[in-house]
Amino acid sequence: MFRTVLHTALASALLTLAPGVPASAHTVAPTPRGAGVQEDTVPADRSGAAESAFDHVANFYGAYIDARDSASGRLRQELRRHYLTPELLRRLADWESEHAADGVLRAQGVPTAWKVSYEDSAMGHTWTRVRLAWGTGDDTTYTCLSLRSDLATKLISDISVTPVQR
């Protein structure tokens, strides 16, 4: 029995002292960075799932903000028809005529950044928080929106302004 314990202790000690397998042996090589690009400026990987209502909201806001930044009003309308319920489209048209602003963004301009966070799910719906950034640096302000999506269709069925949380 003493020999078994001794052999186990020696094997354990040798494994502790042995050089480890290089990290690159089991991982994908890092993406080459261009000259002058700092580590913290490289965007993080993103992923999503086709069946996720949360990812549906993130996809919509990314595409919609890109479309708002372009001259094509037609693309924005197509995105709205694809991602929003007909009832929400009608309510947005009323809101926009009353406020002379984009109802999806609740603003006249185009945000400089956006962030989508999961809030809750219940009774066939999911709620998502969208934080829109306006400006850069110390002058950045935020608008937070709460979006309700129907889980069965993944369509966005409501957009409302909520208190800002950083």
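**Exercise 1. Which residue is the bridge partner of Ser146 in strand 4?**

Before you start, note that this is a predicted model, in which local features need pLDDT of at least 70, side-chain atom pairs count only at pLDDT 80 or more, and totals for chains, interfaces and linings use all residues. Residues are numbered from 1 along each chain as its sequence is written, and side-chain values use heavy atoms, with hydrogens and water left out.

Solution, step by step:

1. Find strand 4; helices (H or I, at least four residues) and strands (E, at least two) are DSSP runs, numbered from the N terminus.
2. Look across from Ser146: the partner in strand 4 is Ser160.
3. Now take in the whole pair. Strand 3 and strand 4 run antiparallel and are joined by six bridges; two strands count as paired if DSSP finds at least two bridges between them.
4. Finish at the hairpin of these two strands, where five residues lie between them and Lys154 has a positive phi near 65°. Lys154 is a residue other than glycine, and at 22% relative accessibility it counts as partly exposed. For this term, buried means under 20% relative accessible area, exposed over 50%, and partly exposed in between (1.4 Å probe, protein chains only).

**Exercise 2. Describe the sheet and its place in the fold.**

Solution, step by step:

1. Walk along the chain from the N terminus: the elements run α-α-α-α-β-β-β-β, which gives four helices and four strands.
2. Order the strands. The four form an open sheet in the order 1-2-3-4, with antiparallel pairing.
3. Check the edges: strand 1 and strand 4 each have a single partner strand, so one side of each lacks a neighbour in the sheet.
4. Add the twist. Neighbouring strands are turned by 25° against each other on average, direction ignored.
5. Look at the pairing of strand 1 with strand 2: nine bridges join these antiparallel strands, and Ala122 has His125 of strand 2 as its bridge partner.
6. Place a helix on the sheet. Helix 2 touches strand 1, strand 2, strand 3 and strand 4, and its direction makes about 155° with that of strand 1. Axes here are lines fitted to C-alpha atoms, for helices over the stretch in contact, and angles run from 0 to 180 degrees between N-to-C directions.

**Exercise 3. Is helix 2 mostly covered or mostly uncovered?**

Solution, step by step:

1. Start with the length. Helix 2 covers residues 53-68, 16 residues in all, and reaches 22 Å from its first C-alpha to its last, close to the 22 Å expected at 1.5 Å a residue. The expected span is 1.5 Å times one less than the number of residues.
2. Count the cover: 12 of the 16 residues are buried, so helix 2 is mostly covered. Among them are Val57, Phe60, Tyr61, Tyr64 and Ile65.
3. Ask what does the covering. The buried residues pack against helix 3 (73-83) as well as strand 1 (113-122), strand 2 (125-134), strand 3 (141-150) and strand 4 (156-162).
4. Zoom in on His56, which is in helix 2. His56 is buried, with a relative accessible area of 15%, and it touches Tyr83 and Lys154, not counting residues up to four places away in sequence. Contact means heavy atoms within 4.5 Å.
5. Look at the N-terminal end: Ser52 caps helix 2, with a side-chain oxygen 3.3 Å from the backbone nitrogen of Phe54.

**Exercise 4. Compare two residues of the loop between helix 4 and strand 1.**

Solution, step by step:

1. Begin with the helix before the loop. Helix 4 (residues 86-99) has 14 residues and reaches 20 Å from its first C-alpha to its last, close to the 20 Å expected at 1.5 Å a residue.
2. Step on to Ala100, which follows helix 4 and sits in the loop between helix 4 and strand 1. Ala100 has a positive phi of about 50° although it is not a glycine, and at 55% relative accessibility it counts as exposed.
3. Turn to Pro111 in that loop. Pro111 counts as buried, at 7% relative accessibility.
4. List what Pro111 touches: leaving aside neighbours within four places in sequence, it is in contact with Ile65, Leu105, Leu132, Ala133 and Trp134.
5. Close with a distance. Pro111 and Thr143 are 32 residues apart in sequence, and their C-alpha atoms are 9.3 Å apart in space.

Note on methods. A polar contact is a pair of N or O atoms within 3.5 Å; within protein, one must be able to donate a hydrogen and the other to accept it, and residues adjacent in sequence count only if both atoms are side-chain atoms.
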